[in-house]
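Let's go through this one by question and answer. Keep the fold in view as you read.

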Amino acid sequence: MILSWQMEGADGAAVPPSLADRSHRSSISSTCARSLDVLVYLIDDTAVQLNVENLTSVTVHELHRIVRDALQFPECAMEVFSLWLISPLLEVQLKPKHQPYKVCRQWQELLFRFTDCPEDEIMQDEPSLQFRRNVFFPKRRELQIENEAVLRLLYEEAKFNILEGRYPCDAEDCEQLGALVCRLQLGPYDQDQHTACALKEKLESFLPAHLCRRGHSLLAALRKRGAKQPAYEQGLFQAYQAVREEAACGEPEALLQHYRAYLQRCHQLPYYGCAFFYGEIDKPAQGFLHRGGRKAVSVAISLEGVYVIDSKEKHVLLGLQFQELSWDHTYPDEEEEHILWLEFDGESEGTLVNKLLKIYSKQAELMNGLIEYCIELNAAAEASVPENSTSQSPTLTPLASRQRPKLRRQNSVVSSRIQHLTTIDYIEDGKEIKRVKPKRTASFFSRQFSHSPTAYSAVQAPAESLEQG
């Protein structure tokens with residue numbers, strides 16, 4: 001879900017899935033300007049077929065309402081969901097004023113601009129129109145929804161992101177979430193019907209593929225009969241047995257209960273509902289020759305902050321709320337390629353320093369725009385809250401007055417792994433590291449969460465200080 005906030009055609013964009021997962025679905029023909037038949041796909045691969053007049057000029061807002069009416073969703077769905085254009089190479093959340101047909105006509109141009117895909121793949125790619133969660137819908141409002149169909153669609157999208165590994169999740173939480181999927185798909189636990197062997201056959205429907213992948217057929221053949229059941233299979237089975245059912249609760253009420261339970265647990269993941277971007281970071285130098293290379297990452301951005309996730313290992317490398325960072329975007333004429341710079345506090349050999357992380361990505365422009373937009377939304381929401389209001393503000397508390405929650409697990413995938421990052425460390429004057437405690441207000445960048453009392457202020461630093469040490 002990678003959002004493009006500064007381009008004419010679209011609001012967003014997303015991490016491309018593997019080419020093996022490619023779908024050739026198409027919603028709007030690029031050759032028929034007045035096609036009346038439009039397919040809008042839901043996250044579970046079902047499609048809504050619509051008959052649309054004046055397709056070439058219809059706006060996203062108009063089409064969104066047609067979809068809502070066809071699904072018989074309540075009015076709140078206009079805020080909860082958005083229309084997206086999605087292909088294996090790019091995902092775009094559309095603004096209400098956009099015209100989907102025209103964005104489709106610009107699709108190859110967007111791919112050349114925001115992806116590194118080969119030209120032949122770009123020319124063959126075609127997007128489908130999808131109805132998905134709005135990145136800017138606050139997750140705290142999800143649990144207030146009473147409509148079962150709306151909750152089910154939110155649940156299906158959250159489940160998709162968990163199973164695909166887009167939301168890194170600890171094994172213990174995967175088991176609890178998988179147990180709720182078992183309950184929703186298979187019904188209440190029945191010891192005669194729902195055995196461990198029965199669950200094992202559908203394991204990848206309940207747990208993320210990277211967690212339950214059983215390996216190639218050769219490895220499976222070498223597995224001894226009667227081998228001990230993997231811990232995650234046992235955990236899933238036990239968690240399914242433990243799923244609670246409310247007394248005197250009918251099935252419709254039970255479904256609402258379990259949808260909410262699944263979403264509530266997903267809300268504990270800091271990147272739930274984020275927009276995802278593709279990028280690379282420098283690997284730490286290793287070996288005698290100090291060879292590094294780059295590591296593929298996804299960058300998740302929400303109304304709350306920024307998270308850098310290891311695409312292979314499925315864990316967080318860096319998580320920052322907006323009060324904890326400054327950022328900037330440099331173009332190829334300033335650097336060798338597009339770079340998003342993230343600056344944050346850290347330590348080097350016991351000395352407090354400011355750290356700079358370079359994220360290489362053709363989507364750095366989109367990330368930069370989204371960070372700006374999220375901070376503007378937070379500021380507007382804060383300004384709209386009456387001074388004597390006792391309701392919880394949607395913005396974050398100042399860094400100086402906020403205490404970090406203790407980690408539930410020492411090695412949680414949600415925890416930052418700053419030791420795995422290659423950063424540029426500096427102190428106030430922007431030169432080599434000195435054993436001097438830097439002032440917290442020192443920063444290379446003027447781009448920050450400006451209304452925080454602990455916000456950075458710009459500092460004039462020599463250009464050579466940005467070079468990798």
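Q: In this predicted model, is Arg265 buried, partly exposed or exposed?
A: Buried takes under 20% relative accessible area, and exposed takes over 50%. Arg265 has a relative accessible area of 26%. That falls in between, so Arg265 is partly exposed.

Q: Which residue forms a salt bridge with Arg265?
A: The partner sits well away along the chain: Arg265 belongs to helix H12 (residues 251-266), and the other residue is in helix H7, 92 residues apart. The closest N and O atoms of the pair are 3.0 Å apart, within the 4 Å that a salt bridge allows. The partner is buried, with a relative accessible area of 5%. It's Asp173.

Q: Which residues are joined into one network by salt bridges that share partners?
A: Side chains of opposite charge can pair when their charged atoms come close. Here some of the salt bridges have partners in common, and that links four residues into one network. The members are Asp44, Arg152, Glu156 and Lys159.

Q: How many residues apart in sequence are the parts that Arg166 and Glu91 tie together?
A: These two form a salt bridge with the closest N and O atoms 3.8 Å apart, and both residues are buried. Arg166 lies in the loop between helix H6 (148-163) and helix H7 (171-186), while Glu91 is in strand E6, so the pair ties together parts of the chain at a separation of 75 residues.

Q: Where do the two partners of the Glu75 and Arg65 salt bridge lie?
A: Their side chains meet at 3.2 Å, N to O. Glu75 counts as partly exposed at 45% relative accessibility, and Arg65 is partly exposed too, with a relative accessible area of 29%. The pair ties together parts that are ten residues apart in sequence: Glu75 is in the loop between H1 and helix H2 (77-80), and Arg65 is in helix H1.

Q: How many salt bridges does the structure hold?
A: The Glu75 and Arg65 pair is one salt bridge, and Arg166 with Glu91 is another. Asp173 with Arg265 also belongs on the list. The total for the structure is 16.

Q: Which strands stand at the edges of the five-stranded sheet?
A: The sheet is open, with mixed pairing, and its order is E4-E3-E7-E5-E6. An edge strand has a single partner strand, so one side of it is left without a neighbour in the sheet. That describes strand E4 (47-51) and strand E6 (91-93).

Q: Over how many bridges do E3 and E4 pair, and in which sense?
A: Strands of a sheet pair through backbone hydrogen bonds, either parallel or antiparallel. In this pair, Tyr41 stands opposite Ala47 in E4. Strand E3 (residues 37-41) and E4 pair over five bridges, and the sense is antiparallel.

Q: Which helix packs on the sheet, touching E3, E4, strand E5 (81-86) and strand E7 (128-133)?
A: Its direction makes about 115° with that of E4. It spans residues 60-71. That's helix H1.

Q: Why are the buried residues of H4 on the same side of the helix?
A: In helix H4 (residues 107-114), the buried residues are Trp107, Leu110, Leu111 and Phe114. What covers them includes E5, E6, helix H3 (100-105), helix H5 (119-124) and helix H13 (364-384). The four sit on the same side of H4 because around the axis they cover an arc of only 100°.

Q: How far apart are the C-alpha atoms of Cys169 and Val413?
A: Cys169 is found in the loop between H6 and H7, and at 8% relative accessibility it counts as buried. Beyond four places in sequence, Cys169 touches Ile162, Cys174, Leu177, Tyr271 and Val413. Val413 is 244 residues away along the chain, yet the C-alpha separation is 6.3 Å.

Q: How many disulfides does the count come to?
A: A disulfide needs sulfur atoms within 2.5 Å. For Cys174, which is buried with a relative accessible area of 3%, the nearest cysteine sulfur is that of Cys169, 3.9 Å away. The count comes to zero.

Conventions: Residues are numbered from 1 along each chain as its sequence is written. This is a predicted model: local features need pLDDT of at least 70, side-chain atom pairs count only at pLDDT 80 or more; totals for chains, interfaces and linings use all residues. Side-chain values use heavy atoms; hydrogens and water are left out. Two strands pair if DSSP finds at least two bridges between them. Helices (H or I, at least four residues) and strands (E, at least two) are DSSP runs, numbered from the N terminus. Contact means heavy atoms within 4.5 Å. Axes are lines fitted to C-alpha atoms, for helices over the stretch in contact, and angles run from 0 to 180 degrees between N-to-C directions. Buried means under 20% relative accessible area, exposed over 50%, partly exposed in between (1.4 Å probe, protein chains only). The arc is that of the directions from the helix axis to the C-beta atoms.
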